[in-house]
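Colleague: Got a minute to go through this model with me? I'd like to pick at a few spots and then look at the overall picture.

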Amino acid sequence: MHQTKLARRTFLTAAAAAPFTVATSASANAPMLGAAVTPFNRFRIGAFEVTTLLVDSRTVEGPQQIFGMNVSAEEFAEVSAAANLPVDKAKFFFTPTLVNTGNELVLFDTGLNGAGMAAAVTAAGYTPDQIDIVVITHMHPDHIGGLMSDGSPTFTNARYVTGRVEFDAWAKAANEGFDALMRPLADQTTMLEGGQDVVSGITAVPAFGHTPGHMTYMIESDGQQLLIAADFANHYVWSLAHPDWEVKFDMDKAAAAATRRSLLDMMAADKVPFVGYHMPWPGVGYVLAHGDSYVYVPESYQLQL
């Protein structure tokens, strides 16, 4: 009896180990594929379908040259360490958003270039000629860069929408990028004031400061809301969690800080999710109030239910 049990135990142990040995050997020969992320993320807001598009990402050295310019290196390092962030580099994401209302396909911002933007739209299952409306939140180059491809509009059947204050400010600025990419589309562009609708269910919300007429857009359908928040906060810790920290790219830093607090207060109080153009991919999250500060909480599955 004892020998039989021992033999059976030995056999079972060997049998259990055999698959592990084979799997280990096979996986050792598999090639390294490199880091990768999905190119798009899709969910619903009421009857609307929302798709975030990852058109680019890049690593930037020396993040305190961009964020927290008005705080000490010691404070920046302390906040970064608490969030498990290195202080010598940061990852930037570039996230235009598509909203399909069922009647119109609306694109918010256009990335850095036409080829990348067209590829991102195609990867998400659409074609550039299906875009009905292109909304430009503001005129920084990483938001208007994809308007043109080889001198022609990337979105051949689209009309354009942007804030009047923003357009007028850049039209006076003798800016090369604006003049090459946005000005040629002026006759096809509708200028909005705050509170006006792009289409039913998409409303302009002024968020001035990052640029003179920076706009965010509230999406609302069947009682659900989502804010297309663009660049009101450019980093989930060094900007959103610390709204008074100065950001290099904010043209009016005091106004940008006031805008951040106003939008953060609203999103935290009303539990409104948002898409942040430079938030960690896939760019969708919530805001929690935390004393005089805020906390970014990435969306997990709330918008997939």
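Colleague: Let's start with Leu185: buried or exposed?

Modeller: Keep in mind that this is a predicted model. Leu185 has a relative accessible area of 1%, so it counts as buried.

Colleague: Where does Leu185 sit in the chain?

Modeller: In the loop between H6 and E11.

Colleague: And what is Leu185 in contact with, leaving aside its neighbours within four places in sequence?

Modeller: Leu147, Met148, Pro153 and Tyr160. If you want a distance in that part of the chain, Gly151 is 34 residues from Leu185 in sequence, and their C-alpha atoms are 12 Å apart.

Colleague: Now Ala180. Which helix is that in?

Modeller: Ala180 belongs to helix H6, residues 176–181. Its relative accessibility is 48%, so it is classed as partly exposed; the cut-off for exposed is over 50%.

Colleague: How far apart in space are Ala180 and Ser221?

Modeller: 36 Å from C-alpha to C-alpha, with their positions 41 residues apart in sequence.

Colleague: OK, on to the sheet. What's the strand order in the seven-stranded one?

Modeller: E1-E2-E5-E6-E7-E10-E11, an open sheet with mixed pairing. E1 (40–45) and E11 (189–192) are the edge strands; each has a single partner, so one side of each has no neighbour in the sheet. From one strand to the next, the twist averages 20 degrees.

Colleague: Walk me through the pairing. How do E2 and E5 pair?

Modeller: Antiparallel, over four bridges, with E2 covering residues 48–53 and E5 covering 97–100. Thr51 has Leu98 in E5 as its bridge partner.

Colleague: And what does Leu98 stand opposite in E6?

Modeller: Leu107. E5 and E6 run antiparallel too, joined by four bridges. They form a hairpin with four residues between them, and Gly102 in the turn has a positive phi of about 100 degrees.

Colleague: So then E6 to E7: parallel or antiparallel?

Modeller: Parallel, over three bridges, with E7 at residues 133–136. Leu107 turns up again here, standing opposite Val134 in E7.

Colleague: Which way do the E6 side chains point?

Modeller: Leu105 and Leu107 point one way, Val106 and Phe108 the other, and all are buried. That fits the general pattern: in a regular strand, side chains alternate between the two faces of the sheet.

Colleague: What lies across E10 and E11?

Modeller: Helix H5, residues 164–171, which runs at about 90 degrees to E10 (159–163).

Colleague: Changing topic: empty space. What's the volume of the largest pocket?

Modeller: About 220 Å³. It is lined by 13 residues, and the closest to its centre are Phe92, Phe94, Asp142, Phe249 and His278. Strand E3 (56–61), strand E4 (89–94) and helix H4 (141–144) each give two or more residues to the lining.

Colleague: How does that pocket lining divide between nonpolar, polar and charged?

Modeller: Six nonpolar, four polar and three charged.

Colleague: How many cavities of 30 Å³ or more are there?

Modeller: One. The largest cavity has a volume of about 40 Å³.

Colleague: What lines the largest cavity?

Modeller: Thr95, Pro96, Thr97, Phe108, Asp109, Ile228, Ala229, Ala230, Val275 and Tyr277. Strand E15, residues 224–230, gives the largest share, three residues. By type, the cavity lining comes to seven nonpolar, two polar and one charged. Phe108 is also one of the buried E6 residues we just went through.

Colleague: Last bit, the overall picture. How many helices and strands does the chain have?

Modeller: Seven helices and 18 strands. Of the 305 residues in the chain, 47% are buried.

Colleague: What box do the C-alpha atoms fill?

Modeller: Roughly 95 × 50 × 40 Å, taken along the principal axes.

Colleague: And what share of the contacts join residues at least 24 apart in sequence?

Modeller: 67%, counted among contacts between residues at least 6 apart in sequence.

Methods. Residues numbered from 1 in each chain as written. Predicted model: local features only at pLDDT ≥ 70, side-chain atom pairs only at ≥ 80, totals over all residues. Heavy atoms only, no water. 1 Å grid on protein atoms, 1.4 Å probe; cavity = no way out; pocket = protein on both sides within 12 Å on 5 of 7 lines; lining within 4 Å. Points joined across faces, edges and corners; volume = space filled by probe spheres on them. Nonpolar A, V, L, I, M, F, W, Y, C, P; charged D, E, K, R; others polar. Pairing = 2+ DSSP bridges. Axes fitted to C-alpha atoms, helices over the stretch in contact; angles between N-to-C directions. Contact = heavy atoms within 4.5 Å. Buried < 20%, exposed > 50% of the residue type's maximum accessible area, 1.4 Å probe, protein only.
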